[in-house]
2 protein chains.
Amino acid sequence: MPSLQEDEETLRRLQRLGNQVVERIKEGENPYFERPVRSRSNVEFDNKEKRLKLGDSRSKRYFMNIGHARKFMQTMLVASKCKELIEEGRTASIRELYYQLKHTIPGLNENTLEDQDESNPVVVDLETALDSLREHLHLKADAKGALFGPIVIEDEGDVIDCLKLGKSGLHVPSIVDDYNIVEHDADYILVVETGAMADRLVEEDFHKKENAIVISAGGQPSRGVRRLTNILHNRLDLPVYVFTDGDPYGYYIYSVITAGSMNLAFESNRLATPDANLIGMTMSDIEEYGLESVTEKLKGKHPDKSGGPTKDYKRAHDMLKYEWFQNKEWQNELETMIERGVRVEQQALATNNLQFVAETYLPEKIKRGKFLP
Amino acid sequence: MPSLQEDEETLRRLQRLGNQVVERIKEGENPYFERPVRSRSNVEFDNKEKRLKLGDSRSKRYFMNIGHARKFMQTMLVASKCKELIEEGRTASIRELYYQLKHTIPGLNENTLEDQDESNPVVVDLETALDSLREHLHLKADAKGALFGPIVIEDEGDVIDCLKLGKSGLHVPSIVDDYNIVEHDADYILVVETGAMADRLVEEDFHKKENAIVISAGGQPSRGVRRLTNILHNRLDLPVYVFTDGDPYGYYIYSVITAGSMNLAFESNRLATPDANLIGMTMSDIEEYGLESVTEKLKGKHPDKSGGPTKDYKRAHDMLKYEWFQNKEWQNELETMIERGVRVEQQALATNNLQFVAETYLPEKIKRGKFLP
């Protein structure tokens, strides 16, 4: 759960929102609240901060507007419930929030919410209107991911030595803002795409031998994993290396960790880690480590073919245009991938031997500082 | 990783398989190996053990048979690699196994394996031929799930007090056979379908107040979660309650935990927990706890409609025929669901208040012994 100071700050923001609405009503005016526009037209890349952010466009939502009234009512309901959660010291999943707010409005044959597709965007409206992370509103997403390594974390009063959790590891919850880092002995943070690869590294005692905090994302990283990476990097000033498959999906995972995502551009200051580098897999790994016989073909149509690019090719082609990939290394990487039409998985390194990734591949790359920016 | 005794037993079985093949070759005969037939025709419900198992049909796979030769070769490769893994004290994901074995056969323009769809069924062949769990062959699936509660587990030499892991919890690995239970103070085991509900219970200190081991499945339970439930139940002699959504998908999750699954019928003695009961959600909960306004409609067509049953209705309709649901309670439950055409989620209990599930619903059900068998 967020700290008491954070709670006080969020409560202040919620109260300010409520007071503004009440003031307008007292003045006999149409109550509204204002929030940044979230459509792609208002998402921009902050070249200084090296991450996505929302631009300056803002829009108002009015109560006395037939197109806005329902959403306005729902936003007030969510705001009021979040205030209650903070005051009670509880957190709720966005599914629970939906069930807590769903009811038939007395005197009307109408429900406050019909399904969760109505409440989810309202949560985001409130986050952006208040400039508060949803975790600060005591709302949480699903937990996914695991952590291993030389770090001691205090969580809800329990002091957890993450080096003493066997091969199981610490389950990464949705809310990690309240983690108190008691001490650590880590040289860097390694975020790993697949759970199986993280298991491999732990089995080889990589986290112990390399003094590495290993975070297993288990595919597309959860909000908890993204926030944890951001927090550990900022609080401990440790480098972050991201280890994904060498394919458009893996590079998109890296992109989300380093620059943020379009949908959550307003939160990338808290969810993204612009200093993170990609350690692998890369196209040049294929020759360097003799992986030619264990690559796979990209799916879809090459850009030069009629109807192309599609699928993997399209994703790689789109990434060529990302502002944070406008450098020689990434352009070269993506162009090579498209030209050769191949992808290479993390697990392909097992073709040599199982311990190769932990004993040779990763330590070598780190020693030589061989990363994609 | 499995224990040394288990490793020795698995090695003996692998060697026996290899010796049989070698003997046949020496005798100038066509080498083969035998394994149980895994098709549904050979899956049966063991009424005494209350779980699925394979019947007595067996089939032979010959080397000198044009339809068998490739699979035979692949099975020998997998067997040989598993022997190596056990001797090295390493485990491998089935993805790594694929990459370890994929190569071009010298002198032939042919690969040992084209993709993982070829190696995965061979792993199952070997498991059934040897009557060994894949974890005993040092192979692992993806990890998913979390554990909380009054139990101390020794994992790879680390002693982990699962009551001292804050709101994070212990990540449940794929292989749990080697967990050594140091001590526990639990009254029962609660397996929870959604991660969000497990988080709710932990936030309410349910695991502490109720002396409950809470296992979060995060949807369809992983092999690790199923095996862990089986192990904890058998070693600690604790009752197991399964808490799912009140819908066909949730009941299928319960079905897999209690009786096993068709595909893995040969492993249900190690993955299923026939003594497990369903604690909720049930159709009668809707009236009992005033959830009428927060139910949802079943998807698909009712059996009485033309073209029906489909989707949710079909799944519920199919479950009526499951042998382990041939009792008054389950027949009544499933018939009521189909008749009313509704489902009710775990999170719907939040409509009262967030703590209701932890303070009232679950303790009441346990006190009154109100379960589905």
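Begin in chain B of this predicted model by selecting helices H8 and H11, where H8(B) passes H11(B) in a left-handed crossing. H8(B) covers residues 248–259 and H11(B) covers residues 311–319, and the two pack at an angle of about 35°, their axes lying 9 Å apart. To see the contact itself, display Pro248(B), Tyr251(B), Tyr252(B) and Ser255(B) on the H8(B) side, together with Asp312(B), Arg315(B), Ala316(B) and Met319(B) on the H11(B) side. Coloured by class, the residues of this contact divide into 5 nonpolar, 1 polar and 2 charged.

Stay in chain B for a second helix pair, and select H2(B), residues 69–88, with H3(B), residues 94–101. Here the packing angle is about 110° and the axes are 11 Å apart; because angles of 65 to 115 degrees count as roughly perpendicular, H2(B) and H3(B) are described as roughly perpendicular to each other. The crossing of H2(B) past H3(B) is right-handed. Leu77(B), Val78(B) and Lys81(B) are the residues of H2(B) to show, and they meet Leu97(B), Gln100(B) and Leu101(B) of H3(B). By class, this contact has 4 nonpolar residues, 1 polar and 1 charged.

Next, bring both chains into view and select the residues that join them: 41 residues of chain B are in contact with 41 residues of chain A. On the chain B side, at least two residues each come from strand S5 (92–93), H3, strand S9 (158–161), strand S10 (170–171) and helix H5 (195–203), and H5(B) gives the most, with 5 residues. The side of chain B that touches chain A divides into 14 nonpolar, 13 polar and 14 charged residues.

Then look to the interior, where the largest nonpolar core has 196 residues, of which Val214(A) and Val214(B) touch the most other members. Centre the view on Val214(A) and, leaving aside residues up to four places away in sequence, display what Val214(A) touches: Phe148(A), Gly149(A), Leu190(A), Val192(A), Ala198(A), Leu201(A), Val202(A), Phe206(A) and His207(A).

The last stop is Arg24(A), which is found in helix H1 of chain A, residues 4–26. Is Arg24(A) buried or exposed? Arg24(A) has 16 other C-beta atoms within 10 Å and is therefore partly exposed, since a residue counts as buried at 20 or more such atoms and as exposed at 12 or fewer. Again not counting residues up to four places away in sequence, Arg24(A) touches Glu29(A), Asn30(A), Pro31(A) and Tyr32(A).

Note on methods:
Residues numbered from 1 in each chain as written. Chains lettered and ligands numbered in written order. Predicted model: local features only at pLDDT ≥ 70, side-chain atom pairs only at ≥ 80, totals over all residues. Axes fitted to C-alpha atoms, helices over the stretch in contact; angles between N-to-C directions. Helix = DSSP H or I, 4+ residues; strand = E, 2+ residues; numbered from the N terminus. Parallel < 35°, antiparallel > 145°, perpendicular 65-115°, else oblique. Left-handed = near helix turned anticlockwise from the far one by under 90°. Contact = placed C-beta atoms within 7 Å. Nonpolar A, V, L, I, M, F, W, Y, C, P; charged D, E, K, R; others polar. Core = buried A, V, L, I, M, F, W, Y, C linked by C-beta atoms within 7 Å.
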